Amino acid sequence: MTIEFETPKPVEQARFLLQTVADNMMRPISREMDENEHEIPFSYIEFMHSAMKAMGGSSAGSLSTSEDKKADEPGKPKRPSIAYQVLANQLEVLSWGDVGMYLSTPGGGLGAAAVQAAGSSEQKEKFLARFNGEKPTFAAMCMTEPQAGSDTSAIRTRAVLDEATREWIITGEKIFVTAGEKSFNDHPELGNGFIVVWASIDPGAGRAGMRSFVIEAGTPGVKVTKLEHKMGIRVSDTASISLDGVRVPFENILGSPTVEKSTTGFKGAMATFDATRPLVAATGVGVARAALEELKSMLAQQGVTIRYGLPRQKLTAIERDVIDMEIMVKSAWLMVLKAVWMADNKQPNALESSMSKVRSGDIVNRVTQKAVEILGPLGYSREYLIEKWFRDAKITDIYEGTGQINRLVVARHMLNYSGSELR
Ligand SMILES: Cc1cc2nc3c(=O)[nH]c(=O)nc-3n(C[C@H](O)[C@H](O)[C@H](O)COP(=O)(O)OP(=O)(O)OC[C@H]3O[C@@H](n4cnc5c(N)ncnc54)[C@H](O)[C@@H]3O)c2cc1C
């Protein structure tokens with residue numbers, strides 16, 4: 001199969017529609033949301049919920065277009081899926097608008113991605129249908145614990161099967177859960193969401209004993225104990241969640257309830273990341289592009305335009321910087337496109353997925369920092385959004401595998417080492 005660089009029509013449509021949202025709904029309240037951390041942007045959430053329903057949002061509650069879904073309609077010629085390509089484009093545009101607000105877009109997020117990656121067809125039907133309901137609904141994924149971040153095998157949350165009631169009893173402590181509050185706590189404006197909690201059903205089995213469980217909002221024993229105060233993406237809630245003897249129906253386990261010698265449980269997490277890391281990379285590209293475009297516009301207001309086409313030695317230092325930034329943004333975007341194309345074509349993409357995230361994490365930090373630097377006091381002032389994007393950029397390099405961890409994944413694949421051989 002060959003990669004096509006022509007933008008498919010549904011992708012163009014999606015970008016066009018969401019650019020309007022980014023321009024008119026996100027940018028005007030971006031600063032206000034940044035300054036009022038933990039305020040939920042209900043107007044944006046409600047608008048996006050209605051818009052996604054009108055566009056035929058997928059059952060996972062992810063953004064998508066009805067046109068893309070037609071690819072699988074019976075009787076019509078089968079086209080390769082472009083679902084991830086559409087998503088990457090949508091996320092890039094929304095993150096150009098405001099990446100924190102994009103993270104507050106209703107839908108399944110990482111929680112639904114985990115159900116998609118490791119759930120049975122019954123579980124997908126049961127847990128994902130709610131995102132098409134009357135009210136905007138959220139889901140979150142809880143992997144990280146105080147002693148287990150990059151090293152996910154160190155999780156201590158435990159799930160024990162109560163044979164008498166056939167329920168799982170889950171106890172543990174989860175931290176840094178994106179959208180944890182909106183997914184679990186009761187808000188009259190929002191529908192009944194869920195959290196997906198990673199726990200061990202057999203600590204002696206290491207990663208092979210890790211499983212994820214769907215825990216419905218409002219389940220007794222679960223408590224949102226803290227909301228983080230953060231440097232960037234301040235509109236996105238990041239919660240700590242305690243689980244104290246939480247009883248979960250037997251059928252809410254994602255994957256096999258028995259432990260085999262393989263690492264099937266952990267593979268569910270990795271499959272989720274292979275699908276979602278290029279999407280996180282797309283959000284980084286969106287933020288970088290926002291900073292680059294704003295920089296060029298502010299420079300133009302000061303009479304500085306970029307003289308493309310001149311030999312490099314004739315350019316000013318600023319012109320060279322801006323052109324280098326454009327190369328960074330474009331190259332990162334091409335890596336995202338490759339990784340999502342592979343996901344859409346069902347090709348193993350762990351290497352490309354991590355590569356795209358490493359590249360995007362790097363360039364969004366460099367581009368936003370350079371924009372602040374070139375603009376001087378204007379870049380540092382809260383009057384403009386450049387300083388905010390500089391703060392928003394860093395997260396691209398932290399969640400869903402830090403830059404260092406994704407570099408390790410890349411090295412393992414390139415050198416053909418296992419996780420235990422290279423860590
Ligand atoms: C805003 C925000 C939202 C988040 N959302 C979620 C979420 O929804 N769900 C969830 O489960 N988690 C979430 N996280 C957690 C995130 O995934 C972790 O912070 C991340 O995996 C890193 O783990 P850690 O913070 O414990 O850092 P550590 O693992 O302690 O790492 C600290 C530093 O050491 C480096 N390092 C660690 N191991 C190695 C190694 N082997 N080689 C080289 N360098 C290494 C890391 O790269 C990092 O720079 C979120 C975090 C933030 C900040």
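This report describes the ligand shell, two unusual backbone angles and some covered elements of a predicted model.

## Basis of the description

Residues are numbered from 1 along each chain in the order in which its sequence is written. Because the model is predicted, local features need a pLDDT of at least 70 and side-chain atom pairs count only at pLDDT 80 or more, while totals for chains, interfaces and linings use all residues.

## The shell around the ligand

A residue is near the ligand if its C-beta atom, placed from the backbone, lies within 6 Å of it. There are 21 residues around the ligand, and M143, G149, S150, T178 and T402 come nearest. By class, the shell has 12 nonpolar, 7 polar and 2 charged residues, where Ala, Val, Leu, Ile, Met, Phe, Trp, Tyr, Cys and Pro count as nonpolar, Asp, Glu, Lys and Arg as charged, and the others, Gly among them, as polar.

Strand 1 (139-142), strand 3 (167-178) and helix 13 (403-415) each supply at least two residues of this shell; helices (H or I, at least four residues) and strands (E, at least two) are DSSP runs, numbered from the N terminus. Domain 2 (125-261) and domain 3 (266-415) each provide at least three residues of the shell, with domain bounds that come from an automatic or database domain assignment.

## Two positive phi angles

Most residues other than glycine have a negative phi. H38, which lies in the loop between helix 1 (9-35) and helix 2 (42-55), nevertheless has a positive phi near 80°. F176, which is found in strand 3, is not a glycine either, and its phi is positive at about 55°.

A residue is buried if 20 or more other C-beta atoms lie within 10 Å of its own, exposed if 12 or fewer, and partly exposed in between, with C-beta atoms placed from the backbone. H38 counts as partly exposed because it has 15 C-beta neighbours inside 10 Å, and F176 is partly exposed because 19 other C-beta atoms lie within 10 Å.

## Strand 5 and its partners

Strand 5 (residues 210-216) is mostly covered, since 6 of its 7 residues are buried. Two strands pair if DSSP finds at least two bridges between them. Strand 5 pairs in the antiparallel sense with strand 4 (residues 194-200) over 7 bridges, and F213 in strand 5 is the bridge partner of V197. Strand 5 also pairs in the antiparallel sense with strand 8 (residues 253-254), over 2 bridges, and here L254 in strand 8 is the bridge partner of S212.

## Helix 12

Helix 12 (residues 386-393) is mostly covered as well, with 7 of its 8 residues buried. The buried residues are I386, E387, K388, W389, F390, D392 and A393.
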